[in-house]
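This report looks at a ligand and the place where it is held. The structure comes first, followed by the contacts and then the pocket.

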Amino acid sequence: RGSRAKAPARTEMLSFEQIGGQERAKRELVEALDFLVNKEEIARLGIRPMKGILLTGPPGTGKTLLAKAAAQYTDSVFLAASGSEFVEMYVGVGASRVRDLFSDARKKATKAGKSAAVIFIDEIDVIGGKRDGGQQREYDQTLNQLLTEMDGIHTTDTPRILLMAATNRKEMLDPALLRPGRFDRHIGVDLPDVKGRLHILHIHAKNKPVESEQLLERAAAETFGFSGAQLESVMNEAAIYAMREHSESIGRSHLTMAIDKVMMGEKTDRETTQ
Ligand code: ATP
């Protein structure tokens with residue numbers, strides 16, 4: 001294996017309109033980003049720069065989408081990595097991957113002629129878990145490197161770096177990461193409510209022939225507890241059922257079967273991992 005952090009190739013643009021529900025999370029994020037771009041004001045008032053935004057919440061709720069949209073909103077390049085990519089057998093490799101990720105972000109932004117880069121680290125708890133007194137030297141070095149990189153971020157830098165990270169286990173994070181000047185802005189990304197579910201279903205039904213609007217409303221009502229990722233699966237599975245029946249459009253029975261399948265799939269996954 002090479003010693004460089006995997007270069008993330010996910011560069012497609014995404015706007016906040018393509019994220020269903022999550023109105024509060026979107027609002028809070030836009031507020032934070034608006035604050036960030038206001039460089040002169042921040043400097044004039046001597047406000048401590050915001051370096052990290054932590055997105056917390058269950059899997060599949062759109063945290064990665066929010067980070068991508070943040071990059072688009074701030075006209076930044078986007079780099080993504082997952083905490084597990086930094087975990088290596090050899091001490092020091094994880095730390096050098098962190099260093100590479102930040103230098104890659106700066107290089108990529110400069111090359112693209114952008115003044116900022118958004119770095120998104122999913123599953124931050126894998127490297128940012130609570131340190132336990134020398135038991136996990138490798139993790140310690142990686143986390144220390146991340147803290148060092150964060151401390152080296154300045155609002156006046158060009159290109160400017162905004163670090164975003166996601167976790168569904170905030171309570172597991174090392175307090176050093178949550179200190180002022182580090183990840184001091186937290187945004188909760190929860191499972192969508194019925195209105196959010198309908199919005200998400202609409203987004204994923206855009207390129208699909210669905211018999212009627214009422215079917216989506218009914219599906220939204222019947223998918224309590226589903227994440228955005230599961231709702232995307234529902235629409236996809238429903239389309240597959242419709243295709244199997246050579247149906248012109250997606251009907252009630254296809255959606256019902258798809259909802260059952262996604263619900264059952266989740267159950268089976270959970271049973272096998274317990
Ligand atoms: P994880 O923590 O498991 O990485 P996540 O919260 O980052 O999950 P995403 O990767 O953003 O979740 O979402 C996975 C997929 O689910 C998206 O690519 C999209 O298709 C769908 N999805 C999730 N949430 C939404 C949403 N709010 N609106 C529209 N689509 C969504």
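A polar contact is a pair of N or O atoms within 3.5 Å; within protein, one must be able to donate a hydrogen and the other to accept it, and residues adjacent in sequence count only if both atoms are side-chain atoms. The model is predicted, so local features need pLDDT of at least 70 and side-chain atom pairs count only at pLDDT 80 or more, while totals for chains, interfaces and linings use all residues. Residues are numbered from 1 along each chain as its sequence is written, and side-chain values use heavy atoms, with hydrogens and water left out.

The table lists contacts made by oxygen atoms of the ligand.

| Residue | Partner in the protein | Distance |
|---|---|---|
| Lysine 63 | polar backbone atom | 2.9 Å |
| Threonine 64 | N or O atom in the side chain | 2.6 Å |
| Leucine 65 | polar backbone atom | 3.2 Å |

Of the 620 Å² of accessible area that the ligand has on its own, the protein covers 78% (Shrake-Rupley method, 1.4 Å probe).

The shell around the ligand holds 16 residues, and the closest are Gly20, Gly60, Thr64, Asp122 and His204 (a residue is near if one of its heavy atoms lies within 4 Å). Five of the shell residues are nonpolar, eight are polar and three are charged; Gly counts as polar here.

Where does the ligand sit? The ligand is in the largest pocket (more than half of its atoms lie within 2 Å of the grid points). Helix 3 (63–73), helix 8 (194–205) and helix 10 (228–244) each give two or more residues to the shell.

Key: 1 Å grid on protein atoms, 1.4 Å probe; cavity = no way out; pocket = protein on both sides within 12 Å on 5 of 7 lines; lining within 4 Å. Helix = DSSP H or I, 4+ residues; strand = E, 2+ residues; numbered from the N terminus.
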